[in-house]
Amino acid sequence: MKYIIMADGKGTRWNNYGNIPKHFIQVNGETLLARTVRLLKELEPDCRVIITSHDPRYEVPGAVRHEPKNNVLEIDRFTEELIEDDVCFLYGDTYYSEESAETIVAAPAEDLLFFGNRRSIVAVKVKDSAVFRKHVTRVRELFLKGVIDRCIGWQVYQSFMGLPFGEKKIAGKYVILEDETRDFNSPQDFESNRRKDD
């Protein structure tokens, strides 16, 4: 399995809070990126881990950095040239618990399998790249035509499952991670989490 950690976002909601990109948030002395790479390598030592970023600071031991050819829309985080069978996309701004990383690595996908909670997708496992590419392309086209107002992982899930766009509804091929995995989209997310840990 090849794991792709998506870390080439614009960071507009984070706005360089604390003078660091959100992927460099430290939890227990370890950045989010380093933690994700470490967990993946511990669970699957021979796996290949790729971090997508144009920033040279995103070099992390155990992973290689890839500069995406296209990064205009949010959906472009699913780096087109890296979409192939047997890959798993993970979000670089997510704190993965050990349990959630184990679940993501171990869970088999028939075609596509999504992971997250009821408000956030934190990983997408791709067994069949043609299916994934079809839905990513469809969502991008619908967004560009103005049919939908967002084009991120949720819309890919909705397209794949034949769900209406808009409401976040879970209807199968989705693993709920009921643990302490959390995403940090904004400084408020981070500070709220830090207060909980204090």
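Is Gly-92 buried or exposed at 1% relative accessibility? Gly-92 counts as buried, because its relative accessibility is 1%. Buried means under 20% relative accessible area, exposed means over 50%, and partly exposed lies in between, with a 1.4 Å probe and protein chains only.

**Ground rules**

This is a predicted model, in which local features need pLDDT of at least 70, side-chain atom pairs count only at pLDDT 80 or more, and totals for chains, interfaces and linings use all residues. Residues are numbered from 1 along each chain as its sequence is written, and side-chain values use heavy atoms, with hydrogens and water left out.

**The whole chain**

The protein chain has five helices and 11 strands. Both are DSSP runs, numbered from the N terminus: helices are H or I with at least four residues, strands are E with at least two. The chain holds 198 residues, and 53% of them are buried. Its accessible surface is about 9,900 Å². Carbon and sulfur atoms own 48% of that surface. Such areas come from the Shrake-Rupley method with a 1.4 Å probe; for residues, only the protein chains shown count as cover.

Contact means heavy atoms within 4.5 Å. Take the contacts between residues at least 6 apart in sequence: 62% of these join residues at least 24 apart.

**Back to Gly-92**

Gly-92 sits in the loop between strand 6 (87-91) and strand 7 (94-95). Leaving aside neighbours within four places in sequence, Gly-92 is in contact with Ile-5, Met-6, His-23, Leu-32 and Leu-33. Leu-32 is 60 residues away along the chain, but the two C-alpha atoms are separated by 7.0 Å.

Ile-25 is another loop residue, placed between strand 1 (2-6) and strand 2 (26-27). Ile-25 is buried, with a relative accessible area of 1%. Its C-alpha atom is separated by 9.9 Å from that of Thr-94, 69 residues apart along the chain.

**The core**

A nonpolar core is a set of buried Ala, Val, Leu, Ile, Met, Phe, Trp, Tyr and Cys residues joined through side-chain atoms within 4.5 Å. The largest one has 55 residues. Ile-51, Phe-78, Phe-89, Phe-114 and Phe-132 touch the most other members. Beyond its neighbours within four places in sequence, Ile-51 has contacts that include Ile-5, Leu-33, Tyr-58 and His-66.

**Two helices that cross**

Helix 3 (residues 129-144) packs against helix 4 (residues 153-161) at an angle of about 115°, with axes 9 Å apart. The helices are therefore roughly perpendicular to each other. Among the residues making the contact are Phe-132 and His-135 of helix 3, and Val-156 and Phe-160 of helix 4. Axes are lines fitted to C-alpha atoms, for helices over the stretch in contact, and angles run from 0 to 180 degrees between N-to-C directions. Angles under 35 degrees count as roughly parallel, over 145 as roughly antiparallel, 65 to 115 as roughly perpendicular and the rest as oblique.

Arg-140 also belongs to helix 3. This residue is buried, with a relative accessible area of 16%. Not counting residues up to four places away in sequence, Arg-140 touches Leu-73, Ile-75 and Asp-76.

**Positive phi without glycine**

Two loop residues are listed here; neither is a glycine.

| Residue | Phi | Loop | Relative accessibility |
|---|---|---|---|
| Asp-86 | about 60° | between strand 5 (64-66) and strand 6 | 32%, partly exposed |
| Lys-173 | about 50° | between helix 4 and strand 10 (174-176) | 30%, partly exposed |
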